Amino acid sequence: MPAELIIPIYVFIFLYGIVIGSFLNVCMIRIPRGESIVTEGSHCMKCGYRLRWYDLIPLFSYLFLRGKCRKCGEKISPQYPVVEFINGAVYVLIFIIKGITIESLLICLLFSALLTLSVIDFKTYEIPVGFNIFIAALGLIRLFTDLSNFKEYLVGAVSVSLFLLILLLVSKGKAIGGGDVKLMAAAGLFLGWKCATLAFLIGCVLGAFIHVIRMKVSKEGSVLAMGPYLSAGIFISALHGQEIITWYLGLLGL
Ligand SMILES: [Zn+2]
């Protein structure tokens, strides 16, 4: 790769990331309300002003309008630019870490799905099944780009998820939700069984640790949405799973 192309490529990846990020905002806000994510145009929540194309440029429209509706001046939620920026910045980060590869693109799309389903799970305690189907599809693409290891991925789809399914049945749905089982099946297909196991362990540790703090600080109830924690584990494992596993086995002298 010629050095003078690196910066334009990262700029392009960032712009691509914020455009996808603006679609994620639509999903995060409309899916919990049961609204369509494609048919209806965006409008101001207060005055009903229908946003034109120049009001919908990710990140830049918000900055240009200083976070207010063009017509009535109502404040626009900072969630819009924040999600757009995070999605763009993380895309660039993934490509820096993993190089300009198909794998990086797949991890970017995985990240977007995880970010969105985490917000929705946090709000509604449910993971819409479409996200799990999407992640499973990414997993299938990954399997086909790495066919010599196909067993690793197929076992990954059932290793953690089967354990969780048994937990779900034994606890009659109290210990874990059906959405979490499907999420770990889809993510397992993407990650392979070793990284899927690691993702689940990271998710459990993060979940236990952060939830205890939240229960203490904000008197949060004991109901725990596992989606955001599992998602964090899945993302960390997708980026650095192999290195973490190699490092850990090294500690054990294996
Ligand atoms: Zn308005």
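Which elements cover the buried residues of α8? In the predicted model described here, local features are restricted to a pLDDT of at least 70 and side-chain atom pairs to pLDDT 80 or more, whereas totals for chains, interfaces and linings use all residues. Residues are numbered from 1 along each chain as its sequence is written. The cover of the buried residues of α8 includes α6, α7 and α9, where contact between two residues requires their C-beta atoms, placed from the backbone, to lie within 7 Å.

The protein chain contains nine helices and zero strands, these being DSSP runs numbered from the N terminus, with H or I over at least four residues for a helix and E over at least two for a strand. Read from the N terminus, the order of elements is α-α-α-α-α-α-α-α-α. The C-alpha trace spans about 65 × 55 × 35 Å along its principal axes. The radius of gyration of the protein chain is 20 Å, which agrees with the value near 18 Å for a compact globule of 254 residues; this radius is taken over C-alpha atoms, and the globule rule is 2.2 Å times the number of residues to the power 0.38. Of the 254 residues, 35% are buried, a residue being buried if 20 or more other C-beta atoms lie within 10 Å of its own, exposed if 12 or fewer do, and partly exposed in between, with C-beta atoms placed from the backbone. Among contacts between residues at least 6 apart in sequence, 68% join residues at least 24 apart.

In soluble globular proteins, nonpolar side chains tend to be buried together. The largest nonpolar core of the model comprises 51 residues, and those with the most contacts inside it are Leu110, Phe111, Met184, Ala187, Phe190 and Ala199; such a core is a set of buried Ala, Val, Leu, Ile, Met, Phe, Trp, Tyr and Cys residues joined through C-beta atoms within 7 Å. Two or more residues of this core are given by each of α1 (3–30), α3 (79–98), α4 (102–124), α5 (129–145), α6 (150–170), α7 (178–191), α8 (193–218) and α9 (227–251). The most is given by α4, with 10 residues. Another core, of five residues, lies apart from it and includes Leu59, Tyr62, Tyr80 and Val83.

Helix α1 has 28 residues and reaches 42 Å from its first C-alpha to its last, close to the expected 40 Å at 1.5 Å a residue, the expected span being 1.5 Å times one less than the number of residues in the helix. Its buried residues are Ile13, Gly17, Ile18, Gly21, Ser22, Asn25, Cys27, Met28 and Ile29, and their cover includes α3 and α4.

Helix α8, with 26 residues, reaches 36 Å from first C-alpha to last, close to the 38 Å expected at 1.5 Å a residue. The buried residues of α8 are Cys195, Ala196, Thr197, Leu198, Ala199, Phe200, Ile202 and Gly203. When residues up to four places away in sequence are not counted, Ala199 touches Ala187, Leu191, Gly233, Ile234 and Ser237. Gly207 also lies in α8 and is partly exposed, with 19 other C-beta atoms within 10 Å. On the same basis of not counting residues up to four places away in sequence, Gly207 touches Leu224, Met226 and Tyr229.

Helices α7 and α9 pack at an angle of about 5°, with their axes 11 Å apart, where axes are lines fitted to C-alpha atoms, for helices over the stretch in contact, and angles run from 0 to 180 degrees between N-to-C directions. That angle makes α7 roughly parallel to α9, a description applied to angles under 35 degrees, whereas those over 145 count as roughly antiparallel, 65 to 115 as roughly perpendicular and the rest as oblique. In this pairing, Gly179, Asp180, Leu183, Met184, Ala187, Phe190 and Leu191 of α7 meet Gly227, Leu230, Ile234, Ser237, Ala238 and Gly241 of α9.

Most residues other than glycine have a negative phi. Arg66, in the loop between α2 (60–64) and α3, has a positive phi near 50°, and Arg66 is exposed, with 9 other C-beta atoms within 10 Å. Tyr125, found in the loop between α4 and α5, has a positive phi of about 60° although it is not a glycine; Tyr125 is partly exposed, with 14 other C-beta atoms within 10 Å.
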